[in-house]
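These are my notes on one structure, taken in the order in which I looked things up. I began with helix packing, then turned to the largest pocket and the backbone.

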Amino acid sequence: LVAAPGGTPSASPSATASPTPEPLAGRVIVLDPGHQLGNRHFPRQINRPVPAGGFTKPCNTTGTATNGGYPEATFTWQVARALRARLIDLGATVRLTRHSNSDRKWGPCVDARGRAGNKLPADLKISIHGDGSTAAGAHGFHVIAPTDRRPWTHDIYRPSLALARDVRAALLDADFTVANYVAGGDGLDLRSDLATLNLSDIPTVMVELGNMRSADDAAVMTSVTGRDRYADALSQAVLNFLD
């Protein structure tokens, strides 16, 4: 206590200050770690057609891997887990589209991933991937947002593009480089053929965090330090978008 004018004790500022509110308190975020480690063991299940927004696509794919055999499914799972921890520390509620990285499991299908978070409703969804381009010298990240396709994405394509720009900016600020093999060369890609985007009713992006076939990108993606850098950047992107 400190003495107020007239000698009456009053609480010090530190004793009465309200705790700083968590910046993401009350927010719900969906993270979609691409693929599942066991997909390759279930070709019938992952190849069956599912709704994709006015057309069908295979339920899922096996994903790619580094030249050294580090699977995309494991990379996306580890980044998603690191990102989840950061978002929870900021006060968010986080939902994952899969709950394991198991060689004995498959899926979920892309239509389920696309609808994930719609009924909550969540504030946003980030689908985490690694690319597998075999083009010579291909490296870098790119962020995919939906085009305007009535009735599928007309309600979310504008906020999804804003989210994509925030993700790109945060990755650039973290010293990642944009993909040199994607049309436009600015790190953004607009697509109408992805169920994960087409079936979403919340702002959604898919991010290819690097090309796993690039030796330089793979060195970052296979390291704990590199995955933490991705998680830090994506966490900042969420903060920026929801600010």
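Before recording the handedness of any helix pair, I fixed the term: a crossing is right-handed if the near helix is turned clockwise from the far one by less than a right angle, and left-handed if anticlockwise. I also note that the model is a predicted one.

Entry 1, α5 and α8.
I looked up how helix α5 (157-173) packs on α8 (residues 224-242). The axes of α5 and α8 lie 8 Å apart, and the angle is about 140°. I therefore entered α5 as oblique to α8, since only angles over 145 degrees count as roughly antiparallel. By the definition above, the crossing of α5 and α8 is right-handed. From α5, I listed Pro159, Ala162, Leu163, Asp166, Val167, Ala170 and Leu171 in the contact. From α8, the partners are Tyr230, Ala233, Leu234, Gln236, Ala237, Asn240 and Phe241. Sorted by class, the contact of α5 with α8 holds 11 nonpolar residues, two polar and one charged.

Entry 2, α3 and α8.
I next looked up α3 (residues 72-89), whose axis comes within 9 Å of that of α8 and crosses it at roughly 50°. That angle makes α3 oblique to α8. The crossing of α3 and α8 is right-handed. Helix α3 contributes Phe75, Gln78, Val79, Ala82, Leu83, Arg86 and Leu87 to the contact. Helix α8 contributes Arg227, Asp228, Tyr230, Ala231, Asp232, Leu234, Ser235 and Val238. I sorted the contact of α3 with α8 into nine nonpolar, two polar and four charged residues. I marked Tyr230 and Leu234 of α8, which appear in the contact with α3 and also in the contact with α5.

Entry 3, the largest pocket.
How much space lies in the largest pocket? I noted about 450 Å³. The lining has 27 residues, and those closest to the centre of the pocket are His35, Thr61, His129, Leu194 and Met206. I then listed the elements that give two or more residues to the lining: β5 (56-58), α4 (110-115), β7 (124-131), β8 (142-146), β9 (188-191), α6 (195-198) and β10 (204-211). Which element gives the largest share of the lining? I entered β7, with four residues. By class, the lining comprises six nonpolar, 12 polar and nine charged residues.

Entry 4, backbone.
I returned to His35, one of the residues closest to the centre of the largest pocket. His35 sits in the loop between β3 (28-33) and α2 (43-47). Its phi is near 70°, a positive value in a residue other than glycine.
I then looked up cis peptide bonds. One joins Gly107 and Pro108, with omega about 0°; Pro108 belongs to the loop between β6 (93-96) and α4. The bond from Arg150 to Pro151 is also cis, with omega near -5°, and Pro151 falls in the loop between β8 and α5.

How values were computed. Residues are numbered from 1 along each chain as its sequence is written. This is a predicted model: local features need pLDDT of at least 70, side-chain atom pairs count only at pLDDT 80 or more; totals for chains, interfaces and linings use all residues. Side-chain values use heavy atoms; hydrogens and water are left out. On a 1 Å grid over the protein atoms alone, a cavity is a set of points where a 1.4 Å probe fits but cannot get out, and a pocket is an open set with protein on both sides within 12 Å along at least five of seven lines; lining residues have an atom within 4 Å of a point. Grid points are joined across faces, edges and corners, and a volume is the space filled by probe spheres set on the points. Ala, Val, Leu, Ile, Met, Phe, Trp, Tyr, Cys and Pro count as nonpolar, Asp, Glu, Lys and Arg as charged, and the others, Gly among them, as polar. Axes are lines fitted to C-alpha atoms, for helices over the stretch in contact, and angles run from 0 to 180 degrees between N-to-C directions. Angles under 35 degrees count as roughly parallel, over 145 as roughly antiparallel, 65 to 115 as roughly perpendicular and the rest as oblique. Contact means heavy atoms within 4.5 Å.
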